[in-house]
Amino acid sequence: MSWTRGLPGALALCVLLLVAAAGCGTGEGHERRDSGSPSPVGKILDDTDEGGRHYREIDKKQAPEVGTVVTPDRTGGWDIRLDVRRFRFSPPGTPAKAVAGHGLAYLFVDGDLVTRLRTPAYHLPARLVPHGTHPITARLYADDGTVWAVHGKPVESTADVTASGAETAKPTATGTTGAAGG
């Protein structure tokens, strides 16, 4: 008699397991097919920066902007100040997710990465800017490591600095470039 009572219960359990397994699929049926990118902000492009990080295309009206101001300090180094619009620096520990207008800046001297900035100010030691003229570039990145871009170009700003070797060397130019160099 227990066998006849157990059969309907076992069948009900099997049906529940099959329904639960069907509901735990890949979720493809719930994905939006109309977006060009699985990311929440912008569109990921095939283009990459020198480090292989993909560009994240965003509309110019929403894109952040950056300006780079470089001034000599009294110790022979350089003070860098980034003037940003429509952009906030993310604190350390921020999840690796692209959020419009948030992220960090990478600072390059002569095309070489010097540091990643989570604040708009940085002191660049004199040893990193030897005698001669050097481009100092600030480029904006989303927290997921993608490069903010407009019209396929990174959102960045470059200032050319000339170090003469004198203790009070002065920059020859202060670069202020809006979104994607435009």
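Accessible areas here come from the Shrake-Rupley method with a 1.4 Å probe. With that in place, the protein exposes about 10,900 Å², and carbon and sulfur atoms supply 56% of that area. I should say at once that this is a predicted model.

Now the overall layout. The protein has one helix and 13 strands. Reading from the N terminus, the helix comes at the start and the strands follow. Of the 182 residues, 36% count as buried. As for contacts between residues at least 6 apart in sequence, 60% of them join residues at least 24 apart.

Next, the interior. In soluble globular proteins, nonpolar side chains tend to be buried together. Here the largest nonpolar core has 27 residues. Which residues have the most contacts inside it? They are Leu82, Ile136 and Trp148. Several strands give two or more residues to this core, including E3 (65-72), E4 (78-85), E6 (102-109) and E9 (132-141). Apart from this core lies another, of eight residues, among them Leu45, Leu104, Tyr106 and Ala149.

Take leucine 82 on its own. Not counting residues up to four places away in sequence, leucine 82 touches Val66, Gly67, Thr68, Phe89, Ala105, Leu117, Pro120 and Ala138.

One last residue, threonine 115, in strand E7 (residues 112-117). Is threonine 115 buried or exposed? Its relative accessible area is 18%, and the cut-off for buried is under 20%, so threonine 115 counts as buried. Leaving aside neighbours within four places in sequence, threonine 115 is in contact with Ala105, Tyr106, Leu107 and Tyr122. Ala105 is also on the list for leucine 82.

Definitions and conventions: Residues are numbered from 1 along each chain as its sequence is written. This is a predicted model: local features need pLDDT of at least 70, side-chain atom pairs count only at pLDDT 80 or more; totals for chains, interfaces and linings use all residues. Side-chain values use heavy atoms; hydrogens and water are left out. Helices (H or I, at least four residues) and strands (E, at least two) are DSSP runs, numbered from the N terminus. Buried means under 20% relative accessible area, exposed over 50%, partly exposed in between (1.4 Å probe, protein chains only). Contact means heavy atoms within 4.5 Å. A nonpolar core is a set of buried Ala, Val, Leu, Ile, Met, Phe, Trp, Tyr and Cys residues joined through side-chain atoms within 4.5 Å.
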